[in-house]
Amino acid sequence: MKKRIYGNDMHHCDVCFGTRARYEKGDLSGTWFAIDEYEDGEELMEAARDHYLAEEEDPSLMIFDYEGPQGLVSVDTNEIYPEAFDFIQLTPFRQKLICAYSRGIGIKGVEAFRYSMRWALELFLGTAESDEEFAMDYITDTTILDSRLAIDWNRTWHKSLSSRVDSFTMGATNYYFEKK
């Protein structure tokens, strides 16, 4: 069993398991399990199954609910995707990058997460509180500018950078990624 490596700062991924017998009786109460306490989906399912063995001889597990980033668990198909276990090992900042990118690209479910895990870190350009702040930082970091120049950063963003950079907001922070 793994220990939580980033404490309260990390995105928690928790799954609520119940059984088909409970469900058929109208009982939707279940038991929550933290994904980050297990090596993989098999170990997690085994722990949930062992939990319900005291009540049922052969429990048929069902995922009743899930808390965590969208796309790592499917309640409909009763699956915990392997990406969930990769995701929880990332630093909180990398988790935020992947969540921001995943939400912004418009693809839903596990496909968004697979795509985001592959590309978000590679395409990441930076964060800023506004598009103008990002334009100023990006242009000054990537080109040699005369400090005496007066630049309209709002126009620079809208005329030049917005066609090459995706911006996604999460909380009070804007995340910027190179368009793919």
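Me: I have learned that two strands count as paired when DSSP finds at least two bridges between them. In strand 3, which residue is the bridge partner of glycine 18?

Reply: This is a predicted model, so keep that in mind as we read. The bridge partner of glycine 18 in strand 3 is methionine 62. Strand 1 and strand 3 are joined by six bridges and run antiparallel.

Me: Which strand pairs with strand 1 over four bridges?

Reply: That is strand 2, and the pairing with strand 1 (residues 14-19) is again antiparallel. One place to look is phenylalanine 17, whose bridge partner in strand 2 is threonine 31.

Me: How do I read the order of the strands in that open sheet?

Reply: Read the order as a walk across the sheet: here it goes 2-1-3, with three strands and antiparallel pairing. Strand 2 (31-34) and strand 3 (61-67) are the edge strands, each pairing on one side only. From one strand to the next, the twist averages 35°.

Me: How many residues of strand 3 are buried?

Reply: To read burial, check whether the relative accessible area is under 20%. Five of the seven residues in strand 3 are buried, so this strand is mostly covered. As a general idea, side chains in a regular strand alternate between the two faces of the sheet.

Me: Is serine 74 buried or exposed?

Reply: Serine 74 counts as buried because its relative accessibility is 13%. This serine belongs to strand 4 (residues 73-74). Leaving aside neighbours within four places in sequence, serine 74 is in contact with Ile63, Glu79 and Tyr81.

Me: What is the order of the other open sheet of three strands, the one with strand 8 in it?

Reply: The order is 6-8-7, and the pairing is antiparallel. Its edge strands are strand 6 (124-128) and strand 7 (165-170), each with pairing on one side only. On average, neighbouring strands here are turned by 25° against each other, direction ignored. Strand 7 and strand 8 (residues 173-178) run antiparallel and are joined by six bridges. Within that pair, valine 165 has glutamate 178 in strand 8 as its bridge partner.

Me: Which strands does helix 6 touch?

Reply: Helix 6 (residues 131-142) packs on the sheet and touches strand 6, strand 7 and strand 8. The direction of helix 6 makes about 130° with that of strand 6. Helix 5 (residues 109-123) lies across strand 6 and strand 8, and runs at about 70° to strand 6.

Me: Which residues of helix 6 are buried?

Reply: They are Phe134, Ala135 and Ile139. These residues cover an arc of only 120° around the axis, which puts them on the same side of helix 6. As for length, helix 6 has twelve residues and reaches 16 Å from its first C-alpha to its last, close to the 16 Å expected at 1.5 Å a residue.

Me: Why is there no disulfide between cysteine 13 and cysteine 99?

Reply: For a disulfide, look for two cysteine sulfur atoms within 2.5 Å. The closest cysteine sulfur to that of cysteine 13 is in cysteine 99, and because it is 8.2 Å away, it is too far for a bond. By this rule the count comes to zero disulfides. Cysteine 13 is buried, with a relative accessible area of 1%, and cysteine 16 is buried at 5%.

Terms used
Residues numbered from 1 in each chain as written. Predicted model: local features only at pLDDT ≥ 70, side-chain atom pairs only at ≥ 80, totals over all residues. Heavy atoms only, no water. Buried < 20%, exposed > 50% of the residue type's maximum accessible area, 1.4 Å probe, protein only. Helix = DSSP H or I, 4+ residues; strand = E, 2+ residues; numbered from the N terminus. Axes fitted to C-alpha atoms, helices over the stretch in contact; angles between N-to-C directions. Contact = heavy atoms within 4.5 Å. Expected span 1.5 Å × (residues − 1). Arc of directions from axis to C-beta.
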